Amino acid sequence: MVEWVLFFSTLVVTMFFLTLVTLPNYFFKKHIKLFFFLGLSLRIICIFIPPIWEDDWARYLWEGNLIRNLISPYEISPLQFFKNNSLDPIPTEILSKINHPEWTTIYSPMVLLYFSLFTAGFSTVLLKFSYLFFETITFFHVTKKKINRSMILYWLFPVLIKEVYINLHFEAIIISMFWIFYQLLKEKKINRSSFILGLLIQTKLIAIIYCTLLIPYLYLSGKKKKLIAMPSLFLSFLLGFLILYIVYFLMFPATKDFGFSNLQKFGDTFTFNQMYEPMWTYLNSVNLRSFPFFFQFILLFAYLYLLIPKRNRNRRFLILCRKHHFVFYFGYFLLTLLPVYNPWYFLILIPLISISRVNSILPWVLITILQLSYLTNIRLNISNLFFYQISDPILIIEAIVSLICLFFYFNQIFILLYKISNISNFVVKESGYGRTIPKLFGANRNRPERR
């Protein structure tokens, strides 16, 4: 009963949050302190609420304590350890809640070493407070007393707060590191930002989405700077990606596989919340997932690129992509190609919403709707074949809402394409007459027309 109350409370609070997204900037400036303390208070309250409908936290505690006892989670599964050791009551209780206890870990060295620092005494509270500490520190570091509307929305997002501070998902670490990466990027400290990006991708491979932010910064620099920057940029990234693998290997020299084989097996074996799957089934297609949507998305932006006048085309294209939320939607489509749609995976897109400065409710809805995946058959007392099975009606609701949001987004893109195609008709040609390129493409509006 408590679990259902908390679940529906999250949905109600999220609906209230979605109304805030549509409010103007001056409203947030007026109540900025109230919103900050509201987000902070919700986090502190959730720290003391036990996890609901999630069991990943048990593995976090277990593997963190294994490392502190100099045992590598890559080498022994919880079930093997349980058979070979007599345990006191607390570890036995933790082991009983670990999902897939026959598997060794699939987490990266960064995550495992983090767990080892903040899981003493098998305490979830300590781990949650560590999330709060790092998230708050990076929040203040990025805002530097100039908290804007986008950052407040990130700070208040109920789904993020629930997934991190109730369910203990470690996306808080990724988001905190993202703010450091992005701040360094804005300060044009490219090598340091590249190091943090390597660390981010090592923490969770799906953070590769953030590469779409580093590439434009590198491209917009001059040619000479590119030639100088590329080798050091690559080495910084490689160091960030490998450094904790090296540290872990020095601690546990017998380590042969860092969970990659398990990760591949996990992707091949398990499916969860693939919301488009029932649609493909009804269309007599198997396992297409969202690839057709991703393909059309790429074609759409390829067409957008080709419509832009040739002069400084690359620079203008990057500016348009940044302005029109390309990075978020690219990341969203990339995540929908995964065999597993765990709702908390999509939390890494939240910073991309915050930095886009697009006052749209659509991306928030796309992340929120995945919370319906917690309504599995077993929780709804429907006949089920396995624990995570979700009924087709739930998945179809998610898919329909997702498609509606994407339709409205692409509608905006098609309007943009129409405008650009009209502008292209008036671009000055070498042997003809025409108008000057509008400000959208960076031209000087005061420049006289060619006579």
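A pocket, as the word is used here, is an open set of grid points with protein on both sides within 12 Å along at least five of seven lines. In this predicted model, the second largest pocket has a volume of about 890 Å³. Its lining takes in 38 residues, and those nearest the centre are Y182, R322, I355, S356 and R357. Plenty of helices take part: α2 (25–30), α8 (124–143), α9 (149–156), α11 (171–186), α13 (211–219), α18 (313–323), α19 (326–335) and α20 (350–356) each give at least two residues to the lining of this pocket.

Then there is the closed kind of space. Rolling a probe the size of a water molecule over the atoms shows where empty space is left. The structure turns out to hold 1 cavity of 30 Å³ or more, and the largest cavity has about 50 Å³ of space in it. Around the largest cavity sit V21, R149, S150, L153, I353, S354, R357, V358, N359, S360 and W364. Helices α9 and α20 each supply at least two of these lining residues, with α9 giving the largest share, 3 residues. R357 turns up twice in this account, once among the residues nearest the centre of the second largest pocket and once in the lining of the largest cavity.

Stepping back to the whole chain, the secondary structure comes to 22 helices and 0 strands. The chain has 451 residues, and 52% of them count as buried. Its accessible surface is about 22900 Å², with 66% of that belonging to carbon and sulfur atoms. As for how the chain meets itself, take the contacts between residues at least 6 apart in sequence: 75% of them join residues at least 24 apart.

A few spots put some detail on that picture. S9, in helix α1 (residues 2–21), counts as partly exposed because its relative accessibility is 36%, a value between the 20% and 50% cut-offs. S9 and P158 are 149 residues apart in sequence, yet their C-alpha atoms are 9.8 Å apart in space. L168 belongs to the loop between α10 (158–165) and α11. With a relative accessible area of 0%, L168 is buried. Leaving out residues up to four places away in sequence, L168 touches P51, W57, Y60, T124, L127, K128, Y131 and E163. One of these partners, Y131, is 37 residues from L168 in sequence and 8.7 Å away, C-alpha to C-alpha.

E171 is found in helix α11, and it too is buried, at 1% relative accessible area. With residues up to four places away in sequence set aside, E171 touches K204, W344, Y345, L347 and I348.

Two more helices are worth a look, starting with α7 (residues 109–117). Of its 9 residues 8 are buried, so α7 is largely enclosed by the rest of the structure. The buried ones are P109, M110, V111, L112, L113, Y114, F115 and S116.

Helix α14 (residues 223–251) is where F234 is placed. F234 is exposed because its relative accessible area, 52%, is over the 50% cut-off. Together with L235, L238, L242, I246 and L250, F234 makes a nonpolar surface patch of about 600 Å². An α-helix has 3.6 residues a turn, so residues three or four places apart point the same way.

Key: Residues are numbered from 1 along each chain as its sequence is written. This is a predicted model: local features need pLDDT of at least 70, side-chain atom pairs count only at pLDDT 80 or more; totals for chains, interfaces and linings use all residues. Side-chain values use heavy atoms; hydrogens and water are left out. Patches are made of residues with over 30% relative accessible area and no salt bridge: like charges are joined within 9 Å, nonpolar side chains (Val, Leu, Ile, Met, Phe, Trp, Tyr) within 5 Å. Accessible areas come from the Shrake-Rupley method with a 1.4 Å probe; for residues, only the protein chains shown count as cover. A salt bridge is a side-chain nitrogen of Lys or Arg within 4 Å of a carboxyl oxygen of Asp or Glu. Helices (H or I, at least four residues) and strands (E, at least two) are DSSP runs, numbered from the N terminus. Buried means under 20% relative accessible area, exposed over 50%, partly exposed in between (1.4 Å probe, protein chains only). Contact means heavy atoms within 4.5 Å. On a 1 Å grid over the protein atoms alone, a cavity is a set of points where a 1.4 Å probe fits but cannot get out, and a pocket is an open set with protein on both sides within 12 Å along at least five of seven lines; lining residues have an atom within 4 Å of a point. Grid points are joined across faces, edges and corners, and a volume is the space filled by probe spheres set on the points.
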